[in-house]
Amino acid sequence: MNLSSEKNDLDPLNIHGRPIRVAIADDHPLLLSGLAYELEKQAGVAVIGTAENSTELMKLLNQHPVDVVVSDYAMPGGSHGDGIALFGFLKRRYPKTHLIAITMMSNPGVIRSLIAQGVDAVLSKSDSLTYVAGSLYAVLSGKKFFSPSIQTIVKMHGIGADPSAAPVNNLTIRELEVIRLFVSGLTVSEIADRLHRSKQTVSTQKMSAMRRLGIRRDADLIKYGMESNLALYDEDSQRTPAPQANVDGDR
């Protein structure tokens, strides 16, 4: 991708006669410096400030309005948390601000959740930092942007940009029951006792749900489930019941 040529073509985005204002947050100083360097060398872009956690980020945003926030996904230690919770909070507090997430995670469920929270671009830390400039211009043009590693996951798992397409809607009722209880802290044996199913059935339903969500590890399932509030998910009020054929097939 030739970012230098794109930069010259897209500078007219500064229609208000001022630079594009950007805030950057990451708890790794070297990456923070690298992101700032990549953005500051773009004509018409001004890095308003940097932060190493959500506390510093919110202080910065409260003092200085920005057009775009570029933030790490995993940034523990701040008073406003990190991950899905932080990006959801940012979108609610600053609905007109574009959000670009940077992450080491390759979990399709996390990517789905970021999109559902209104994140405009997702970049992988395994890809070149040069993609941050491309993502900036893309989101300011009203487009979604994924760096190559993320784009591969998006295509592989059919992840769309529709926030209403919650991945849990792909689960059957019985799969959702199992995942909710597992995320709540119950073991497969305890879930089997509670739902009056065999341990093998519950295990099969759990694995089927994980495949539908694009999640491979139990740790990732728990993290995704907690961030998505699956433990509190009310299938009666939040989703259309699965067709009877699907329910019967899970017996």
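## A predicted model, strand by strand

Visitor: Over how many bridges do strand E4 and strand E5 pair, and in which sense?
Guide: This is a predicted model. Strand E4 covers residues 98-103 and strand E5 covers residues 121-124. Ile 102 stands opposite Leu 123 in E5. The two strands pair over 4 bridges, and the sense is parallel.

Visitor: Which are the edge strands of the open sheet?
Guide: The open sheet has 6 strands, with parallel pairing. Their order is E2-E1-E3-E4-E5-E6. An edge strand pairs on one side only. That description fits strand E2 (45-51) and strand E6 (145-146).

Visitor: How many bridges join E3 to E4?
Guide: In the sheet order, E3 sits between E1 and E4. On the E1 side, 4 bridges join the parallel pair, and Ile 24 has Val 70 as its bridge partner in E3. On the E4 side, Val 69 stands opposite Leu 99. E3 and E4 also run parallel, and the number of bridges joining them is 5.

Visitor: Is strand E3 largely enclosed or open, and how many of its residues are buried?
Guide: Take the two faces in turn. Val 68, Val 70 and Asp 72 are buried on one side. Val 69 and Ser 71 are buried on the other. Strand E3 (residues 68-72) is therefore largely enclosed by the rest of the structure, with buried residues numbering 5 of the 5.

Visitor: Which helix gives the most to the largest nonpolar core?
Guide: This core has 30 residues, and those with the most contacts inside it are Leu 57, Leu 61, Leu 90 and Leu 114. At least two residues each come from strand E1 (20-25), E4, helix H3 (54-63), helix H4 (83-93), helix H5 (108-116) and helix H7 (148-156). The most, 5 residues, come from H4.

Visitor: How many residues are in the other core?
Guide: The other core lies apart from the largest one. Among its residues are Val 47, Ala 121, Leu 123 and Phe 145. Its total is 22 residues.

Visitor: Which residues does Leu 114 touch, leaving out those up to four places away in sequence?
Guide: Leu 114 is among the residues with the most contacts inside the largest nonpolar core. Its partners beyond that sequence limit are Tyr 73, Ile 84, Phe 87, Ala 101, Val 119 and Val 122.

Visitor: How many charged residues line the second largest pocket?
Guide: This pocket has a volume of about 240 Å³. Its lining includes Met 105, Ile 153, His 157, Arg 216, Arg 217 and Asp 220. The lining residues divide into 5 nonpolar, 4 polar and, for the charged group, 3.

Methods:
Residues numbered from 1 in each chain as written. Predicted model: local features only at pLDDT ≥ 70, side-chain atom pairs only at ≥ 80, totals over all residues. Heavy atoms only, no water. Pairing = 2+ DSSP bridges. 1 Å grid on protein atoms, 1.4 Å probe; cavity = no way out; pocket = protein on both sides within 12 Å on 5 of 7 lines; lining within 4 Å. Points joined across faces, edges and corners; volume = space filled by probe spheres on them. Nonpolar A, V, L, I, M, F, W, Y, C, P; charged D, E, K, R; others polar. Core = buried A, V, L, I, M, F, W, Y, C linked by side-chain atoms within 4.5 Å. Buried < 20%, exposed > 50% of the residue type's maximum accessible area, 1.4 Å probe, protein only. Contact = heavy atoms within 4.5 Å.
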